[in-house]
Amino acid sequence: MESRVQVKQPPLNAPGISDDLSETRKMNSLNGRLTDKFEDEVPFSPEITYHQPGSTLAARGSHSGESPAVHRETLGGIIYRSIRLVVFSNRLNLLMPFGPLAILVQKLTGHHGWVFSLSLLGIMPLAERLGYATEQLAFYTGDTVGGLLNATFGNATELIISLYALKSGLLRVVQLSLLGSILSNMLLVLGCAFLSGGIVFNKKEQVFNKAAATVNSGLLLMAVMGLLFPAVLHYTRTEVHFGKSELALSRFSSCVMLVAYAAYLFFQLKSQSRLYIAVNEEEGEAGDNSNDDESPEISKWESIIWLSVMTAWISILSEYLVGAIEGASNAWNIPVTFISVILLPLVGNAAEHASAIMFAMKDKLDISLGVAIGSSTQISMFVIPFCVVMGWIMRQPLDLNFQLFETAALFLTVIVVAFMLQEGTANYFKGLMLVLCYLIVAASFYVHVDSNSEDQHVT
Amino acid sequence: MQYNNSRWKRGSKKDESTALPRLPRCGLHRHRHRFDFAGAGSPYCYLQPEIGMAMGSPDFDEEEEIPFREETSFISSSSPRKGLPHHGSQNQVHHNHNHSHNSHAYSFETTAAAVLSPDLPKSSVFRLLRITRIRSLYVVLIKAKINLLLPFGPLAIALHYLTGKHGWVFFFSLLGITPLAERLGYVTEQLAFYTGPTVGGLLNATFGNATEMIISIFALKNDMIRVVQQSLLGSILSNMLLVLGCAFFTGGIVHYKKVQVFNKAAAVVNSGLLLMAVMGILFPAVLHFTHSEVHLGKSVLSLSRFSSCVMLIAYASYLFFQLKSQPNLYSSVDEEGVSGENSDEEEELELTQTEAIVWLAILTAWVSLLSGYLVDAIEGASESLNMSMAFISVILLPIVGNAAEHASAIMFAMKDKLDITIGVAVGSSTQISMFVIPFCVVVGWCMGKEMDLNFQLFETATLFITVLVVAFMMQEGTSNYFKGLMLILCYLIVAASFFVHVDPKSGDD
């Protein structure tokens, strides 16, 4: 069973082994990896014994198509191998059937509650596979484009869900789901990572690179600050043209934030080699044997094709998901805010969650932090402004005016976590505190009703 | 002779490293003596590499010729730094300073006398007597490139009486005050040479933000309380976001290969002070907006006045603390800029004490005059330019007071002296929040105006968020162009929010 490191954030270091499919290295890398949560025997593919340490080259060769002769033998063989690699090799993919099931349920019964939960479950493995395909493609494209790829597709799921919600006029859902994604990254993912890492490494305190964490949180703080002004403007009731000013300001701020994000990517790529060599940001670079040894497992064209397949599949399911939100909220008697803030981000974040926890358990907190904070920064600097701009294009009045409660919650969270990270150490108690904070935030959203959710609906 | 000797003495004083008439470095003033608009091509920008600077200074285009000799009286102040003999060695010193302008002044006045006396005392008296006033006029008014903007002042006044077009009057007076603010700082520095560190520090502390203070007092007199609050707030915001951002950005681009570092401890202390000051300012606003005061409206005013007095006391002790710990500051600070320190160390005495005082008075009067017109034109400009008053007060007015700091901060960053940059930017913000704002409240109290510390909710939130974010960001101790860019973009967003911001109607209070 392949264990794979899912690092959604740009692994801007493209290893120079992109085309090296040497068998031994692969085997060693596979051996060297710690188990992640999904490393288990998958009932679907009994042939995957070739990934076990004891497997022979011959067995491997016959399946992986190492020898050119086998490789070019049949298109069907290629497809079969590819499918097995991508689709069947991950335990999470057990959830895959839920996707079609959701569509089925939607067509047959139209019971929104079920459709919602089934599609939720169905998208999760797709998101993870999407990340995997992106990584694989990044091997081939080199640093720059690889980084860009990861940056874009890293949050593809959230992006796609948000775009569908935008199209349906569910503006509050967009705002809340993106906000919830940031909150979940900073509190839940980080908390679980610290907690599990602290439990595993009970004897010592885990340390992480203070400088990198501070830089990252500083950036996040500035990004959040950029997002907050329209809300503050609205809530102090001090705008020139009520309602229109904050929309104009939101759009302007979004363009500014997109410029900042472009500069951020540029800066990251430039300083990659120079400054952050010892620092694991989102890349998961230093000391990460498994990453360094990671060689592409599928060919370039395969990864591109899988990328598009996954994206298409996610899009389809997202449509059903978004369509079922309101019905689910009615059926289960849960406010839409709770669904948007707490449940929707689960989809996009499941993969990051797993990888952050896994890295923490390997005592590589820098990578966990990079994943969590990097993802939050990306959402606040890229996804949210991008959605506002898309809303502008689609003529939806999406603005940056998260309501007062959400704005306050976001700001508080970012400040608290930023300060907490300044110390440079982690233990299970800190993790527990973060998780409990997230619980409280979730509970507040459970009993939180949007005052004006009605007038945000523009269909 | 007497006079000259005293100046000599003054100059010789500088030989001793301990008894420096230099002004305290960080936080007490705006480092005008450090950064005299080298960016503007001013010839006495002793911050530029000395060698060749005199020759290459663009200002010399305006003058007839290349100065050929240094006046030892003026370079004596600097020569000890370089280990050069006190008098004489003009030729050497000549290369090292931009004092050529001095000799130029002399040459254009008293060619014979100026030509060459290596021994100062003989010629200096002569010089003094003959060319003091004109020279000082020249030194103060003509040398700096920024003085190109000087004519805008009278032009603004003329426009005011002729056309009454507020938009134009506003802009011209804005442009006209900028060079005056800079000159005011320069004269203050010069005066501080004579008064010693203590009073010099106080002088700089007071006159460093003189422009903001004068504008605010005029606005107070016109009952434009919101303008006062917003312009001071805008000054803090501009210092922390725009000035710092530009400095980090340009420094990061110039020093592309490495990460610039600054003294984390000093930055943290400074931002801590600023946070405390901001907290002191915020409480009346918080009290008001939670609608939890005893006597609606009156409580906030009394609380503001009380807080202001407390903050003025805090500011006084801050000055005291700075002056007391000065020797320690100096030791660390001198090491920091040792390479370029040569240029910094020499602050030439270019004006006599009385001259400096006279110029101080003249410039203050001039600034006041123009401020009167500026403030009068604000409302009209807001209508004619179709901008909210908030935008004009928060974004445009602080440009005047901050232009000088802006240039200096950027220049220091490009020289990789980020500590000074941060001292300038954050120090100025601290001064405004701890001194100028409470001072205006007290002055309003005296004038019977109801100026309080209740910046409205949006401004309060903005101030708090900004200070928090910047304080956090400075904790790391490094800077790069991206951070600078982020700060600038944040300022852009803040400016945009003020563009669409109007004050809630007074019925809201």
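# A chat about chains A and B

Tutor: Let's start with one residue in this predicted model: Ser253(A) lies in helix 10 of chain A.

Student: Okay! Is Ser253(A) buried or exposed?

Tutor: Ser253(A) is buried, because its relative accessible area is 0%.

Student: And what does Ser253(A) touch?

Tutor: Leaving out residues up to four places away in sequence, Ser253(A) touches Gly226(A), Pro230(A) and Leu400(A), along with Ile493(B).

Student: Ile493(B) carries a B, so let's go to the interface. How many residues does the contact take from chain A and from chain B?

Tutor: Chain A gives 39 residues to the contact, and chain B gives 34 residues.

Student: What area is buried between them?

Tutor: About 3,400 Å² is buried between chain A and chain B, and carbon and sulfur atoms give 83% of that. Three residues stand out: Met222(A), Met225(A) and Phe229(A) supply 20% of the area that chain A buries against chain B, more than any other three residues.

Student: Which elements of chain A give two or more residues to that side?

Tutor: They are helix 9 (210-235), helix 10 (244-274) and helix 15 (404-420) of chain A. Helix 9 of chain A has the largest share, with 14 residues.

Student: How do the residues on that side of chain A divide up?

Tutor: On the side of chain A that touches chain B, 26 are nonpolar, nine are polar and four are charged.

Student: How many salt bridges does the rule find across the interface?

Tutor: Zero salt bridges turn up between chain A and chain B. For polar contacts, the count between these chains is one residue pair, with both residues at pLDDT 80 or more.

Student: New topic, cysteines. How many disulfides are there over all chains?

Tutor: A search of the whole structure finds zero. Take Cys192(A), which is in no disulfide: the nearest cysteine sulfur belongs to Cys437(A) and is 13 Å away.

Student: Is Cys192(A) buried or exposed?

Tutor: Cys192(A) counts as buried because its relative accessibility is 18%, and the cut-off for buried is under 20%.

Student: What about Cys387(A), how far is its sulfur from the closest cysteine sulfur?

Tutor: The closest one is in Cys255(A), 14 Å from the sulfur of Cys387(A), so the two are too far apart for a bond. A disulfide needs the sulfur atoms within 2.5 Å.

Student: Is Cys387(A) buried or exposed?

Tutor: Cys387(A) counts as buried, because its relative accessibility is 0%.

Terms used: Residues numbered from 1 in each chain as written. Chains lettered and ligands numbered in written order. Predicted model: local features only at pLDDT ≥ 70, side-chain atom pairs only at ≥ 80, totals over all residues. Heavy atoms only, no water. Contact = heavy atoms within 4.5 Å. Buried area = accessible area lost by both parts, 1.4 Å probe. Salt bridge = Lys/Arg side-chain N within 4 Å of Asp/Glu carboxyl O. Polar contact = N/O pair within 3.5 Å; in protein donor to acceptor, adjacent residues only side chain to side chain. Helix = DSSP H or I, 4+ residues; strand = E, 2+ residues; numbered from the N terminus. Nonpolar A, V, L, I, M, F, W, Y, C, P; charged D, E, K, R; others polar. Buried < 20%, exposed > 50% of the residue type's maximum accessible area, 1.4 Å probe, protein only.
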